[in-house]
Amino acid sequence: MATPFASGRQVATDSVGNAVEDTVIVTVSYSDYNTWQNAVFNPTELADPLISGTDVDANGDGLTNLELYLHGLNRSDFHQEPVQFSDTIIAEDRYPTFTFPILNTISDITFTIERSIDLSLTDDWSPVAFSEISRSSNGPIDTVTIRTNAPASSPSDFFRVRFIQTSP
């Protein structure tokens with residue numbers, strides 16, 4: 001996660017007394033979830049998997065800790081869903097398309113598109129083939145767009161992006 005570590009007006013003075021004042025922002029980027037987890041949770045929270053676990057939505061905004069980490073979001077803020085869905089129409093067919101921010105420094109997260117035909121109580125989500133359509137960088141955050149390789153077969157198909165931690 002790219003998190004401002006320190007910011008604000010800072011004053012530096014050299015050895016002969018000359019001073020300069022400027023705004024300084026130091027950004028810390030994390031390469032894996034465990035490093036992020038250890039940096040943002042205190043020891044008591046770390047000991048409680050109901051607070052610091054990857055699948056926990058500790059602040060009630062609908063995003064798990066793992067999603068906050070991989071999207072580069074601050075744990076203490078309330079966030080809107082960062083994954084945006086759209087349809088790409090090609091030859092009158094609907095191709096589900098997703099755009100989302102992701103830290104470009106992370107090494108332990110992969111993603112896939114999954115499909116369900118009925119959203120039943122059983123976990124009937126299955127992976128579908130997809131391609132990365134674009135990626136643009138803005139500092140430590142990339143904006144990624146992915147799209148299914150085949151069109152949706154029915155108007156009642158449901159799709160989601162699933163983020164997977166590859167190493168604990």
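Thr-54, Asp-55, Thr-64, Leu-66, Glu-67, Arg-160, Val-161, Arg-162, Phe-163, Ile-164 and Gln-165 form the lining of the largest pocket in this structure, which is a predicted model. The volume of this pocket comes to about 170 Å³. Two elements, helix 4 (65-71) and strand 9, each give two or more residues to the lining. Of these elements, strand 9 makes the greatest contribution to the pocket, with 6 residues. In chemical character, the lining splits into 4 nonpolar, 3 polar and 4 charged residues.

It helps to place the pocket within the chain as a whole. The secondary structure amounts to 4 helices and 9 strands. Followed along the sequence, these elements give the pattern β-β-α-α-α-α-β-β-β-β-β-β-β. The protein chain has 168 residues, and 32% of them are buried.

Two of the arginines that line the pocket, Arg-160 and Arg-162, also take part in a network of salt bridges together with Glu-114. Within this network, the side chains of Glu-114 and Arg-160 form a salt bridge with an N to O distance of 2.7 Å. This pair ties together distant parts of the chain, since Glu-114 sits in strand 5 (residues 109-116) and Arg-160 in strand 9 (residues 158-165), 46 residues apart. What are the relative accessibilities of the two partners, Glu-114 and Arg-160? Glu-114 has a relative accessibility of 5% and therefore counts as buried, the cut-off being under 20%. Arg-160, with a relative accessible area of 27%, is partly exposed.

The structure holds 7 salt bridges, and two further examples deserve a look. Arg-135 and Glu-132 are joined through their side chains at 2.9 Å, N to O. Both partners are partly exposed: Arg-135 has a relative accessible area of 41%, and Glu-132 has a relative accessibility of 40%. In the other example, the side chains of Arg-94 and Asp-87 meet at 3.4 Å, N to O. Arg-94 is partly exposed at 22% relative accessibility, and Asp-87 is likewise partly exposed, with a relative accessible area of 34%.

Attention now turns to the sheet. Four strands make up an open sheet in the order 3-4-8-7, with antiparallel pairing. Its edges are strand 3 (84-90) and strand 7 (130-138), each of which pairs on one side only. On average, neighbouring strands of this sheet are turned by 25° against each other, direction ignored. In general, the strands of a sheet pair through backbone hydrogen bonds, in either a parallel or an antiparallel manner.

Strand 8 (residues 141-148) is joined to strand 4 (residues 93-103) by 7 bridges, and the two run antiparallel. Along this pairing, Phe-98 stands opposite Ile-146 of strand 8, and Thr-97 has Arg-147 in strand 8 as its bridge partner. Strand 8 also pairs with strand 7, here through 8 bridges and again in antiparallel fashion. Phe-130 is found opposite Thr-148 in strand 8. How enclosed is strand 8 by the rest of the structure? Of its 8 residues, 6 are buried, so strand 8 is largely enclosed by the rest of the structure.

The turns of this sheet add some backbone detail. Strand 7 and strand 8 form a hairpin with 2 residues between them, and Gly-139 in the turn has a positive phi of about 65°. Positive phi values also appear in residues other than glycine, including Ala-91, with phi near 50°, and Glu-92, with phi near 70°. Where in the chain does Ala-91 lie? Ala-91 is in the loop between strand 3 and strand 4, and Glu-92 has its place in that loop as well. Ala-91 is exposed, with a relative accessible area of 68%. Glu-92 is exposed too, at a relative accessible area of 79%.

Terms used
Residues numbered from 1 in each chain as written. Predicted model: local features only at pLDDT ≥ 70, side-chain atom pairs only at ≥ 80, totals over all residues. Heavy atoms only, no water. Salt bridge = Lys/Arg side-chain N within 4 Å of Asp/Glu carboxyl O. Buried < 20%, exposed > 50% of the residue type's maximum accessible area, 1.4 Å probe, protein only. Pairing = 2+ DSSP bridges. Axes fitted to C-alpha atoms, helices over the stretch in contact; angles between N-to-C directions. 1 Å grid on protein atoms, 1.4 Å probe; cavity = no way out; pocket = protein on both sides within 12 Å on 5 of 7 lines; lining within 4 Å. Points joined across faces, edges and corners; volume = space filled by probe spheres on them. Nonpolar A, V, L, I, M, F, W, Y, C, P; charged D, E, K, R; others polar.
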